[in-house]
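Subject: Structure handover

Hello,

The structure is below, sequence included. My notes on what turned up in it follow.

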Amino acid sequence: MNINNRIAKLFNIKYPIIQAGMVWVSGWKLVSAVSNCGGLGLIGAGSMKSELLKEHINKCKSATDRPFGVNIPLLRGDAEDLIKTSIENDVKIFFTSAGNPAKFIDILKKKDAIVVHVVPSVKHGLKAESVGCDAIVGEGFEAGGHNGPDEIATLSLIPQLVDALSIPVIAAGGIADGRQIAASFCLGADGVQIGTLFAATEESSAHINYKNAIVNSNDVGTTTAFKQIGLIRMIKNNFAQSALNAEKLGADANQLKDILGSKREQLGIFEGDLNEGALEAGQSAGLVKEILPVKEVFEKLINQFSQVRNSFINSF
């Protein structure tokens, strides 16, 4: 696999494979492992305060001399503090989500940072491009965690973003093997962002119960709930079913907020409560068959991609 395209050049990485900056999952061990394999690791700042983020940045610097970045959900009340901490510690790559990148783009650009925003639709992609983002992640409805309300699938979303934008598009949502990487490039993407597969690696900071829940999942193992207050894809469990039951009975936004409560992601992903935690994961969970070190995951992705590419070339 040798793809020296716009995303590989933008981040100065060997492979245009980005590890999603997932909450309670993407600590320095996972991030540095991905970057050391030639991809781009992202620290998941969404589950960190500034001091903890600083610690992970510095530990990551000690573990790799290759590029890595930080993912910051902009709807967090302390997003500005997280950005400030990242800048003060010489982070140059920022992936933002869940908010308007225009709010911080000038601050980041003054520091010569690369800014990528996660979007669920062409409208949001055009907005991100117009305010100066260097690339976007087009995240399809198959993705784990929080999703766009219009439920656009990756296969449909990516070519429409590619047609509408001039900046590079990174495909995300349901991607967990080399065949899907190849398909993403066929759709016009310059890179892929992978979450659930990396969440189940040895270096992930998630609880072993959560990793095993991914491995034990299947093609119908996830569901979506909470559309009124912010759609979430997660592995089916008691908590997910209670939310679905409430929605069927006509629960309003306030009732759903009560059901969701607080720290559900921490409870499920980091503390390993398989019954009452939110086990955020994508539909690609059915493709994850074992818990492996990141190095082996990369080897499998690259070998499978190469096989698909060679087969495709030889077929025409």
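The side chain of H117 makes a polar contact with the backbone oxygen of G99, at 3.0 Å. H117 belongs to strand β5, residues 114-119. Its relative accessibility is 4%, so H117 counts as buried, the cut-off being under 20%. Please keep in mind that this is a predicted model, and that every value here is computed from it.

Aromatic contacts

There are six aromatic pairs in the structure. One of them joins F185 and F305 in an edge-to-face arrangement, with 5.8 Å between the centres and 85° between the planes. F185 sits in helix α8 (residues 178-186) and F305 in helix α14, so this pair ties together parts that lie 120 residues apart in sequence. Both partners are on the buried side of the cut-off: F185 has a relative accessible area of 18%, and F305 has 5%. For F185, the label holds because buried means under 20%.

Elsewhere, Y15, F198 and F298 make up one aromatic cluster. There is also a charge over a ring: R233 lies over the face of F141, 4.8 Å from the ring centre.

Cavity

How many cavities of 30 Å³ or more does a search of the whole structure find? The search returns one. The volume of the largest cavity is about 50 Å³. Its lining consists of P120, E139, G140, F141, N147, G148, P149, D150, E151 and I152. By class, that lining has four nonpolar, three polar and three charged residues. F141 thus appears in two places in these notes, in the cavity lining and as the ring under R233.

Second largest pocket

For the second largest pocket, the volume comes to about 260 Å³. Thirteen residues line this pocket, and those nearest its centre are A176, D177, L197, L287 and K300. Helix α14, residues 294-314, supplies the largest share of the lining, with four residues. This is the helix that also carries F305 of the edge-to-face pair. The pocket lining divides into seven nonpolar, one polar and five charged residues.

Regards

Definitions and conventions
Residues are numbered from 1 along each chain as its sequence is written. This is a predicted model: local features need pLDDT of at least 70, side-chain atom pairs count only at pLDDT 80 or more; totals for chains, interfaces and linings use all residues. Side-chain values use heavy atoms; hydrogens and water are left out. On a 1 Å grid over the protein atoms alone, a cavity is a set of points where a 1.4 Å probe fits but cannot get out, and a pocket is an open set with protein on both sides within 12 Å along at least five of seven lines; lining residues have an atom within 4 Å of a point. Grid points are joined across faces, edges and corners, and a volume is the space filled by probe spheres set on the points. Helices (H or I, at least four residues) and strands (E, at least two) are DSSP runs, numbered from the N terminus. Ala, Val, Leu, Ile, Met, Phe, Trp, Tyr, Cys and Pro count as nonpolar, Asp, Glu, Lys and Arg as charged, and the others, Gly among them, as polar. Rings of Phe, Tyr and Trp (its six-membered ring) pair if their centres lie within 6.5 Å; planes under 30 degrees apart count as stacked, over 60 as edge-to-face and the rest as tilted. Buried means under 20% relative accessible area, exposed over 50%, partly exposed in between (1.4 Å probe, protein chains only). A charge sits over a ring if NZ of Lys or CZ of Arg is within 6 Å of the ring centre and within 35 degrees of the ring normal. A polar contact is a pair of N or O atoms within 3.5 Å; within protein, one must be able to donate a hydrogen and the other to accept it, and residues adjacent in sequence count only if both atoms are side-chain atoms.
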